Amino acid sequence: ENSVLYEGLKIDFNSRNVTIDGVLVSLTPKEYELLNFFVKNPNMVFSREQLLRDVWGYDFYGDYRTVDTHIKMLRESLGKYRKFIVTVWGTGYKFETGGMG
């Protein structure tokens with residue numbers, strides 16, 4: 001599977017391009033990695049610790065602002081499709097696809 005489409009949000013894994021309703025979106029490398037990780041693990045809840053380990057590649061104790069900041073940036077980049085990135089209070093975040101994908 002070289003690309004995925006959730007409504008008008010398309011992620012092309014080969015080119016690393018993300019488009020919203022056909023328009024190319026400029027993501028930072030870390031925003032892309034975060035989105036890529038979520039999309040490949042849909043509807044699974046991840047703690048900040050797990051995201052730091054799996055996306056950033058290290059354990060980062062005590063300060064999770066890095067994750068929150070990147071989630072915020074990614075949501076801003078995704079516009080109306082920010083709805084897919086759901087905060088699970090007290091736990092972390094998930095890419096909620098509503099049973100699609």
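## Salt bridges and a helix pair

Helix α1 (residues 29–40) holds both glutamate 33 and lysine 30, which sit three residues apart, or about one turn of the helix. The two are joined by a salt bridge whose closest N and O atoms are 3.1 Å apart. Glutamate 33 is partly exposed, at 28% relative accessibility. Please keep in mind that this is a predicted model.

How many salt bridges does the structure hold? There are seven, and the one within α1 has just been described. Two others are worth a visit, and both link distant parts of the chain.

Let us start with lysine 83 and glutamate 7, which form a salt bridge with 2.8 Å between the closest N and O atoms. Lysine 83 belongs to the loop between α3 and β6 (85–88), while glutamate 7 belongs to the loop between β1 and β2 (9–12), and 76 residues separate them. Lysine 83 has a relative accessible area of 46%, so it is classed as partly exposed. Glutamate 7 is also partly exposed, with 44% relative accessibility.

The other pair is aspartate 68 and arginine 48, whose side chains meet in a salt bridge at 2.9 Å, N to O. Here the link runs between helices: aspartate 68 is in helix α3 and arginine 48 in helix α2, 20 residues apart. Aspartate 68 is partly exposed, its relative accessible area being 27%, and arginine 48 is partly exposed at 24%.

Here are the three pairs together:

| Salt bridge | N to O distance |
|---|---|
| Lysine 83 and glutamate 7 | 2.8 Å |
| Glutamate 33 and lysine 30 | 3.1 Å |
| Aspartate 68 and arginine 48 | 2.9 Å |

That last pair leads us to the packing of its two helices. Helix α2 (residues 48–56) and helix α3 (residues 65–78) pack with their axes 9 Å apart, at an angle of about 75°. Because angles of 65 to 115 degrees count as roughly perpendicular, α2 and α3 are roughly perpendicular to each other. Which residues meet there? From α2 come Arg48, Leu51, Leu52 and Trp56, and from α3 come Thr66, Val67, Asp68 and His70. The residues of this contact comprise four nonpolar, two polar and two charged.

One more stop is leucine 5, in strand β1 (residues 3–6). Is leucine 5 buried or exposed? Its relative accessible area is 56%, and exposed means over 50%, so leucine 5 counts as exposed. Between leucine 5 and valine 39, the C-alpha to C-alpha distance is 9.8 Å, with their positions 34 residues apart in sequence.

Note on methods
Residues numbered from 1 in each chain as written. Predicted model: local features only at pLDDT ≥ 70, side-chain atom pairs only at ≥ 80, totals over all residues. Heavy atoms only, no water. Helix = DSSP H or I, 4+ residues; strand = E, 2+ residues; numbered from the N terminus. Buried < 20%, exposed > 50% of the residue type's maximum accessible area, 1.4 Å probe, protein only. Axes fitted to C-alpha atoms, helices over the stretch in contact; angles between N-to-C directions. Parallel < 35°, antiparallel > 145°, perpendicular 65-115°, else oblique. Contact = heavy atoms within 4.5 Å. Nonpolar A, V, L, I, M, F, W, Y, C, P; charged D, E, K, R; others polar. Salt bridge = Lys/Arg side-chain N within 4 Å of Asp/Glu carboxyl O.
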